[in-house]
Structures are given as C-alpha cells and as structure tokens.
Amino acid sequence: MPLIAIVVAALAIGLEQLLQNKYGVMGVVAFVALAIGIKAKNSMIGGIGAVILVLLLAQSG
C-alpha cells in the first residue's frame with residue numbers, strides 16, 4: 001500500500017510540473033480546482049477547473 005501511495009504522489013508531482021511548464025500557474029490552479037471538485041463531488045468547482053483547462057488548451061493550439 002505505501003508503494004502505491006508513493007507512485008501516485010510521484011505521478012501527481014510530475015503532472016503538476018508538466019502543467020506548470022506548459023501552461024503556467026493557471027494550468028496548476030485549474031488542475032487543482034478540477035481535482036478538488038471531483039474529490040469533493042462539487043460540480044461547480046470541478047466545472048470551473050475544467051473550463052479553465054479547456055481555455056488554456058484552446059489558446060495554445
């Protein structure tokens with residue numbers, strides 16, 4: 001079990017670094033809002049995070 005937690009934490013940190021390098025601080029904020037919204041089952045916060053991520057992805061493409 002501790003090994004799985006370490007792997008998940010490493011993946012989360014890697015994803016956060018990737019988002020920050022590519023999309024800046026707003027990418028990290030959007031990812032955190034989406035994660036909190038999903039975990040708390042709050043569709044408003046999750047939706048805000050998803051919309052920000054979509055806008056960042058549309059802007060870069």
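Visitor: Which helices each supply at least two residues of the nonpolar patch?

Guide: Helix 1 (2-39) and helix 2 (43-60) each do that. Keep in mind that this is a predicted model.

Visitor: And which residues make the patch?

Guide: Look for Val32, Ile36, Met44, Ile45 and Ile48. Together they make a nonpolar surface patch of about 440 Å². The largest share, 3 residues, comes from helix 2.

Visitor: Let me try one of them. Is methionine 44 buried or exposed?

Guide: Start with its place: methionine 44 sits in helix 2. Then check its relative accessible area, since a residue counts as exposed when that value is over 50%. Methionine 44 has 61%, so it is exposed.

Visitor: Okay, what about leucine 11, buried or exposed?

Guide: Same recipe. Leucine 11 lies in helix 1. Its relative accessibility is 60%, so leucine 11 counts as exposed too.

Visitor: Now I'd like to look inside. Which residues make up the largest nonpolar core?

Guide: For a core, you look for buried residues, and buried means under 20% relative accessible area. Here the largest nonpolar core has 5 residues: Leu19, Tyr23, Ala30, Leu53 and Leu56. Two or more of the core residues come from helix 1, and two or more from helix 2. Helix 1 gives the most, with 3 residues.

Visitor: Can we zoom in on alanine 30? What is it in contact with, leaving aside neighbours within four places in sequence?

Guide: Skipping those neighbours is a handy way to see what the fold itself brings together. For alanine 30, the contacts that remain are Gly49, Ile52 and Leu53. You've already met one of these partners, Leu53, as a member of the core.

Visitor: How far apart are the C-alpha atoms of leucine 11 and alanine 40?

Guide: Here you should keep two kinds of distance in mind, one along the chain and one through space. Leucine 11 and alanine 40 are 29 residues apart along the chain, and 21 Å separates their C-alpha atoms.

Visitor: Let's step back to the whole chain. How many helices and strands are there?

Guide: You'll find 2 helices and 0 strands. As for overall dimensions, the C-alpha trace spans about 40 × 30 × 15 Å along its principal axes.

Visitor: And what share of the residues counts as buried?

Guide: That's 18% of the 61 residues. For the outside, the chain exposes about 4,600 Å². Carbon and sulfur atoms supply 77% of that area.

Key: Residues are numbered from 1 along each chain as its sequence is written. This is a predicted model: local features need pLDDT of at least 70, side-chain atom pairs count only at pLDDT 80 or more; totals for chains, interfaces and linings use all residues. Side-chain values use heavy atoms; hydrogens and water are left out. Patches are made of residues with over 30% relative accessible area and no salt bridge: like charges are joined within 9 Å, nonpolar side chains (Val, Leu, Ile, Met, Phe, Trp, Tyr) within 5 Å. Accessible areas come from the Shrake-Rupley method with a 1.4 Å probe; for residues, only the protein chains shown count as cover. A salt bridge is a side-chain nitrogen of Lys or Arg within 4 Å of a carboxyl oxygen of Asp or Glu. Helices (H or I, at least four residues) and strands (E, at least two) are DSSP runs, numbered from the N terminus. Buried means under 20% relative accessible area, exposed over 50%, partly exposed in between (1.4 Å probe, protein chains only). A nonpolar core is a set of buried Ala, Val, Leu, Ile, Met, Phe, Trp, Tyr and Cys residues joined through side-chain atoms within 4.5 Å. Contact means heavy atoms within 4.5 Å.
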